[in-house]
Amino acid sequence: MRKWSTIIYSGSGWDLTVRELMFSIVIILVMLTGGFFISEKISSSCDNKNEEYYQAIKIDNDAEQFHYGMRTNVGNAFVKGTLSVVDPVTDSDIDGEYAYIEVREEHYNQHTRQVAHTTTINGKSHTYYTTETYYSWDYYDSWEKHSEKVSFLGVEFPYGTISMPGDYHIDTQKKSSRVRYKYYVIDTAYDGVIYTELKDNTISNGSTFIQTDTLDSAVDYMVSSSTAMIVGFWMLWIVFIGAAVYGFCYLDNRWLEDE
């Protein structure tokens, strides 16, 4: 029975035996089975969401139909229109009006790090370390401001009721040799489609805004986002399986040794 304790790999401070390899295969099979079970649950949930997207009504830049849908509780809907802010914000350091402004303060700091060097002496490699000094711009503080109200197809909503597009960097200003401000903004108006629920004379809070030209492409975007959940799960699950197997093999598994 000694063959089960035969070392088939040795290196980096740990050994892999035949028995550990067999147990690793079992771990992989068990975790794959669990992964397929979880994936089926996620897939079922995604199928339900996709059916919801396909059954949602579509409103193409029609303010009257949009208002009617909210009054009559028509439910889930893709609505095309222009999202704009009612009360844009400004900053004295940058030009223009925006829906959102964030200022990030960064400081230019000195750091040190250990750098490894390898040299060969008498045919043998030796590693030694030196201390290196370097500088970088590091986050120090930030502050932001945004409008209070947005408008969509003639109806005003509190800021945040509809998710805004992501901010973008517009300017960087040095306040001194070691302090700078970076400015990030969101524009005041965007054309696109919201996915929401029309109910009780309003829309659902946090309604998704999709920057696209057509209602059909908005549906495709939501469906693909749902499908991406399954892909993302398997990517994370495979990494988790690899980490679990590596951790098991790295341990000193004496309980697996032959008597």
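How many bridges join strand β7 to β12, and how do the two strands run? Eight bridges join them, and β7, residues 100-121, runs antiparallel to β12. Before I continue, please note that this is a predicted model.

Let me stay with strand β12, which spans residues 179-186. Within this pairing, glutamate 105 has tyrosine 181 of β12 as its bridge partner. Strand β11, residues 168-174, also pairs with β12, in an antiparallel arrangement with six bridges. There, tyrosine 168 stands opposite valine 185 of β12. A hairpin makes the connection from β11 to β12 through four residues.

How many of the eight residues of β12 are buried? Eight of the eight are, and the strand is described as mostly covered. Both of its faces are covered. On one side the buried residues are Val179, Tyr181, Tyr183 and Val185. On the other side they are Arg180, Lys182, Tyr184 and Ile186.

I turn now to one residue of that second group. Arginine 180 lies in strand β12. Why does arginine 180 count as buried? Its relative accessible area is 18%, and the term applies to values under 20%, so arginine 180 is buried. Its side chain makes a polar contact with the side chain of glutamate 106, at 2.7 Å. Leaving aside neighbours within four places in sequence, arginine 180 is in contact with Arg104, Glu105, Glu106 and Trp137, and also with Thr172, Gln173, Lys174 and Lys175.

Next, the nonpolar cores. In soluble globular proteins, nonpolar side chains tend to be buried together. In this model, the largest nonpolar core has 22 residues. Those with the most contacts inside it are Phe66, Val79, Phe152, Phe157, Ile162 and Ile203. Which elements each supply at least two residues of this core? They are α2 (63-71), β4 (75-85), β9 (149-152), β10 (155-158) and β13 (189-199). The largest share, four residues, comes from β4.

Phenylalanine 157 gives a closer view of the surroundings. Apart from neighbours within four places in sequence, phenylalanine 157 is in contact with Phe66, Met70, Glu148, Lys149 and Val150, together with Phe152, Ile162, Thr202 and Ile203. There is also a second, separate core, of eleven residues, including Ala56, Tyr195, Ile210 and Val219.

To close, I return to the opening topic. Strand β12 is joined by eight bridges to β7 and by six bridges to β11, and both faces of β12 are covered.

Definitions and conventions
Residues numbered from 1 in each chain as written. Predicted model: local features only at pLDDT ≥ 70, side-chain atom pairs only at ≥ 80, totals over all residues. Heavy atoms only, no water. Core = buried A, V, L, I, M, F, W, Y, C linked by side-chain atoms within 4.5 Å. Buried < 20%, exposed > 50% of the residue type's maximum accessible area, 1.4 Å probe, protein only. Contact = heavy atoms within 4.5 Å. Pairing = 2+ DSSP bridges. Polar contact = N/O pair within 3.5 Å; in protein donor to acceptor, adjacent residues only side chain to side chain.
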